[in-house]
Structures are given as C-alpha cells and as structure tokens.
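Got the model open in your viewer? Let's walk through it one selection at a time.

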Amino acid sequence: MPEVQIPHDWAPRPHQLPFFKAMDNGTRRACLVWHRRAGKGSATLNYSAKALFQQVCSVWHLFPVGVQARRSIWNGINADGKPILDQVFPHSIRKRTSSQEMLIELVNGSTWQLAGSDNYNSLVGSNPVGVVFDEWSLCDPAAWSYIRPILAENGGWAVFIYTPRGKNHGHSLYQMARKSNEWFCQNLTILDTKRDDGSPVISSDIIDSERLEGMDEALIQQEFFGSFEAQTAGA
C-alpha cells in the first residue's frame, strides 16, 4: 500500500490550527461555535482521521438525525466537487465501507461511524474513544449524558461543533466551556477567519448582499456572528 499522509490532501487554515494544537496537547473536550462556512466539519473530520491512526479505536460523528448525517457527509460533496469522505478517508486506507451502517473500517482496525444523536442508544456498546457532535445546538442533549460516562472511563475525547440557536443547551455548554480550564472553546465570527491568502472566508459584501435579498437579521447574527442573543428566526 502506498504511503498516505493523514490528514490527506488537506491542511488546516490559520483559525483551525488552535483547535488542532489544543487536542494534540492533551485537551479532551472542545466547543467550537464557528460561523457557517468556517470549516467546522472539515476540521473535525480530519482530526478524527488523525486520531484513528494514533491508536486502534472507534470514533462517532453524530448529527441531530441520521438522515442529515447521510446527506451532509456520507453523500456530501466538497468545494472541489469531490466526495467529502474520499478526501478524509481515501480508499487506500480503508478495509471496509458499509453504506447501510455509514461506517468505515480502516486498515489498522479503527472504525469511524456516522449516526444521528436521536439514535445514540443503538450505538452504545462499541466503546468510542472520540465523539463529534455536529450541529450540537440541534442535537438531543440526552445523547451527551448517555455517552459521556464511556469517554470518562476510557479517557476519550468529545468535540461539539455548531452555530447558536438561542439560549438552549448549546448556550449552556458554551458558557461552561469558556470558563473551564479543561475545555478548548472558541466562538469565531466572519471577522475572525481568513483564507490562506489572507482574504476573509466570508466577506462583508456577501453579508450585505444577504441582507438586501431579505435574509432575517437575527439569522445573520446567529449564523455569521455567533450570537446567542438573537431569537431564532420564526420563533
């Protein structure tokens, strides 16, 4: 098998590096409240791939519901028009791929699996060492209560990635995490993120255009400026 570097065909942007450094330095919990299009998913997927080769283990990536997981990642296409998972887990490092289970087994015996937080109890038993909660502010918070004893026992890690949805359980987690020395916590707005060439990930011109086209201001503040204060549009 040819040698493959992990992460494969991907490098973190400057604003993603602190998360990687924190986890590499032993942090076991992270709360990433990053604006839409800041690369929350790509950062955690590629970190997961790295973790799966550091030891033989299982990692789960949980969305609010399984259908969303399949649409967003399992069948997802990246900005280059390629399947997301082919970048993260090239076929040369896979032993088995199960579309039905949304599971990838790697050549070293580690497994990565997509699922919905609404179906977390069906997964318990495989003893994950890492869990990513994607769109945490929309996930079933009971999933974390159910999974956290497993990670506490095996010294595993958990990462929560999301944009705010008012002052719900996502807000409570963020308030706790930003005060804790045990957590890595970031709230990144469009003013905090740059591409490799120094240009903004999302420019103010795009935000102005969204306003002119009728995007609700509360949704703009929520999605692009990480505001927990804005009421959810339509509430």
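Start by selecting F133 and W136: both of these residues are buried. Keep in mind as you go that this is a predicted model. Now show the two rings. The ring centres of F133 and W136 sit 5.1 Å apart with the planes at 70 degrees, and since over 60 degrees counts as edge-to-face, that is the label this pair gets.

Don't move away yet; pick E135 next. Its place is in the loop between β6 (130–134) and α5 (142–154). Check the backbone here: phi of E135 is near 55 degrees, a positive value in a residue that isn't glycine. Why point that out? Because most residues other than glycine have a negative phi. Is E135 buried or exposed? E135 is buried, with a relative accessible area of 10%.

Next, select Y174 and F228. These two form a stacked aromatic pair, with 5.2 Å from centre to centre and 20 degrees between the planes. Now colour by secondary structure and see where each partner comes from. Y174 belongs to helix α6 (residues 169–179), while F228 is in the segment after α8 (217–225), so this contact ties together parts that are 54 residues apart in sequence. Y174 is buried at 14% relative accessible area, and F228 is buried too, at 7% relative accessibility.

Ready for a bigger selection? Pick W10, F19, F20, Y47, W157 and F184 together, and show their side chains: ring pairs link these residues into a cluster. How many aromatic pairs are there by the ring-centre rule? The count comes to 14.

From W10, step back along the chain to D9. D9 lies in the segment before α1, and its phi is near 50 degrees, another positive value in a residue other than glycine. Is D9 buried or exposed? Turn on the surface and take a look: D9 has 62% relative accessibility, so it counts as exposed, the cut-off being over 50%. Compare that with E135, which also has a positive phi but is buried.

For the last stop, select I6 and P7 and display the backbone atoms. The peptide bond running from I6 to P7 is cis, with omega near 0 degrees. That one is worth a click because most peptide bonds are trans. P7 is found in the segment before α1 (17–24), and D9 lies in that segment as well, so you can keep both on screen while you check the two backbone features.

Terms used: Residues are numbered from 1 along each chain as its sequence is written. This is a predicted model: local features need pLDDT of at least 70, side-chain atom pairs count only at pLDDT 80 or more; totals for chains, interfaces and linings use all residues. Side-chain values use heavy atoms; hydrogens and water are left out. Rings of Phe, Tyr and Trp (its six-membered ring) pair if their centres lie within 6.5 Å; planes under 30 degrees apart count as stacked, over 60 as edge-to-face and the rest as tilted. Buried means under 20% relative accessible area, exposed over 50%, partly exposed in between (1.4 Å probe, protein chains only). Helices (H or I, at least four residues) and strands (E, at least two) are DSSP runs, numbered from the N terminus.
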